[in-house]
Amino acid sequence: YQMYPKNTTMVYSNLTARGSRIEGTKDVVFFGLQYFLKKYLIEEFDKGFFKKPKADVLAEYQRIIKNTIGDLPNYDHIAKLHDLQYLPVEIKALNEGTLVPLRVPMLTIKNTLPEFYWVTNFLESLMSAILWQPITSATVARKYKLLFNKVLQETIGDTTFADFMGHDFSFRGMAGLESAIISGMGHLTSFKGTDTIPAILALEQYYNADVEKELVGCSVNASEHSIVSSGTAIHGEFESFRSLIQDVFPKGILSLVSDTFDLWKVLTEYMPQLKSIIEARDGKIVIRPDSGDPADIICGLNTNSRVGLNYYDKIVKSKPNEAKGVVELLWDTFGGSIVNGYKVLSPCCGAIYGDSITIERAKDISWRLMKKGFAPIICFGIGSYTYQYVTRDTHQMAVKCTAIENNGKLVEVFKDPITDNGMKKSLKGLLKVFKHNGTIQ
């Protein structure tokens, strides 16, 4: 704080996505601010700073600074902030959910009291750390949603099911509980399906959602490998499937992980044997493969452009089930209907794939199903392979100062590194975001 020019009384900064590493991305979904404000600038600062004895706060602050950076002449700035009992900052922001073009600020932040000019960028790392992930996940979720809307519109002409085609499978692969929560909330800006239950609770706590009054997020009963392998060890795999379908969950949607041993046996032997039970149920049985090449497993090998006809003929003879894939094998057993020339699986069955799904793979699977004559009405488990394979630099998110007040005068500040390609060149001065012909600029 001592490094700012003498007589500085205001520091003004902004949060902007300066670019994107995801091809074709021109904007981001602004989301997560309300969580950041309530949880950190209010709850955490109250609990960890303002409501603690000042002597304890100063002692801890001095202990860390002295032993990591070097002692300061005094710690009056921290003492005065504690005496104030609130954070003297003003944040202006676009509405959450706004689609913001790259290089357009999402929010600005400045101090409201002259002696606390240093507080603005004191909050930079915290703000950046908490906001980049929900913004990134909401943006990526939207790209999935646009894809699903497109393929459903092109086939059956109804996009209703798109809300449930992307299901959040990421919890166990995220970098901790909070990462799962803030990413999971971002996912739910586009979809309804999630297995990240803490994200639903956070939306209730910080966004005034209410699961008793609205569909915030939902999941289904679903088996996992420990269930199938345990049941198989006790009374055999077929009986394990039958029991789950008929005895444990005789109605409703039931997702069955099906590759614990032999996926093709489940589809070509167990499902036909259980057909009458499944068709008589009030609900849907969803087959979930969890290994292998996602597109080949779901679509079969015959729609793969890499496979020539001669090679395909050999595959059909040696591996007919692999050649058909999950969706066609379900059609062989349960049938369905024809909508706009596309096959739609019977409402008693469906499929979900959630291992290593990406937007590119979801696009490939959808296209290959369509080429094969099927409407791509399946679910994709979107996991940490999507939501954890990103960083702050996926959309080049940064908090940068663009103005200060010094000796009573507003001074525009900016950075423009000669060694950079122009991406890091910052805005300058006080910033205004406006709409021109309906477009945010």
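**Figure 1. Helices and strands across the whole protein.** The protein contains 17 helices and 18 strands, shown here in a predicted model. Its C-alpha trace spans about 80 × 45 × 40 Å along the principal axes, and 47% of the 441 residues count as buried. Among contacts between residues at least 6 apart in sequence, 75% join residues that lie at least 24 apart. The protein exposes about 21500 Å², of which carbon and sulfur atoms supply 52%. The mean positions of its 50 positive and 48 negative charges are 6 Å apart.

**Figure 2. An open sheet of seven strands with parallel pairing.** The strands of this sheet follow the order 7-6-14-13-10-9-8. Strand 7 (193–194) and strand 8 stand at the edges, and because each has a single partner strand, one side of each is left without a neighbour in the sheet. Strands of a sheet pair through backbone hydrogen bonds, and the pairing may be parallel or antiparallel.

**Figure 3. Strand 9 and the strands that pair with it.** Strand 8 (residues 221–222) runs parallel to strand 9 and is joined to it by two bridges, with N221 having L254 as its bridge partner in strand 9. Strand 10 (residues 285–288) also runs parallel to strand 9, and four bridges join these two strands. Within that pairing, L256 has I287 as its bridge partner in strand 10, while V257 stands opposite R288 of strand 10. In a regular strand the side chains alternate between the two faces of the sheet. Both faces of strand 9 (residues 254–257) are covered, since L254 and L256 on one side are buried, as are S255 and V257 on the other.

**Figure 4. The surroundings of L99 in strand 4.** L99, found in strand 4 (residues 99–101), is partly exposed, with a relative accessible area of 30%. Leaving aside its neighbours within four places in sequence, L99 is in contact with D27, V28, V29, R142 and I440. Measuring from C-alpha to C-alpha, L99 and C218 are 25 Å apart in space, and 119 residues separate them in sequence.

**Figure 5. Helix 7 and its buried residues.** Helix 7 (residues 177–187) is mostly covered, with nine of its eleven residues buried. The buried residues of helix 7 are S179, A180, I181, I182, S183, G184, M185, G186 and H187.

**Figure 6. Salt bridges between charged side chains.** Side chains of opposite charge can pair when their charged atoms come close, and the structure holds 16 salt bridges. One of these salt bridges joins the side chains of K51 and D46, at 3.9 Å from N to O; K51 is exposed, with a relative accessible area of 65%, whereas D46 is partly exposed at 24%. Another joins K145 and D163, whose closest N and O atoms are 2.8 Å apart. Because K145 lies in helix 5 (residues 124–155) and D163 in helix 6 (residues 162–165), this pair ties together parts that are 18 residues apart in sequence. K145 is buried, with a relative accessible area of 16%, whereas D163 is partly exposed at 25%.

**Figure 7. A salt bridge within helix 10.** R242 and E239 form a salt bridge in which the closest N and O atoms are 2.6 Å apart. Both residues lie in helix 10 (residues 237–248), three residues from one another, about one turn of the helix. R242 counts as buried at 17% relative accessibility, whereas E239 counts as partly exposed at 27%. Elsewhere, K39, E44 and K47 are joined into one network by salt bridges that share partners.

Definitions and conventions: Residues are numbered from 1 along each chain as its sequence is written. This is a predicted model: local features need pLDDT of at least 70, side-chain atom pairs count only at pLDDT 80 or more; totals for chains, interfaces and linings use all residues. Side-chain values use heavy atoms; hydrogens and water are left out. Buried means under 20% relative accessible area, exposed over 50%, partly exposed in between (1.4 Å probe, protein chains only). Two strands pair if DSSP finds at least two bridges between them. Contact means heavy atoms within 4.5 Å. Accessible areas come from the Shrake-Rupley method with a 1.4 Å probe; for residues, only the protein chains shown count as cover. Lys and Arg count as positive and Asp and Glu as negative; His and the chain ends are not counted. The place of a charge is taken as NZ of Lys, CZ of Arg, CG of Asp or CD of Glu. A salt bridge is a side-chain nitrogen of Lys or Arg within 4 Å of a carboxyl oxygen of Asp or Glu.
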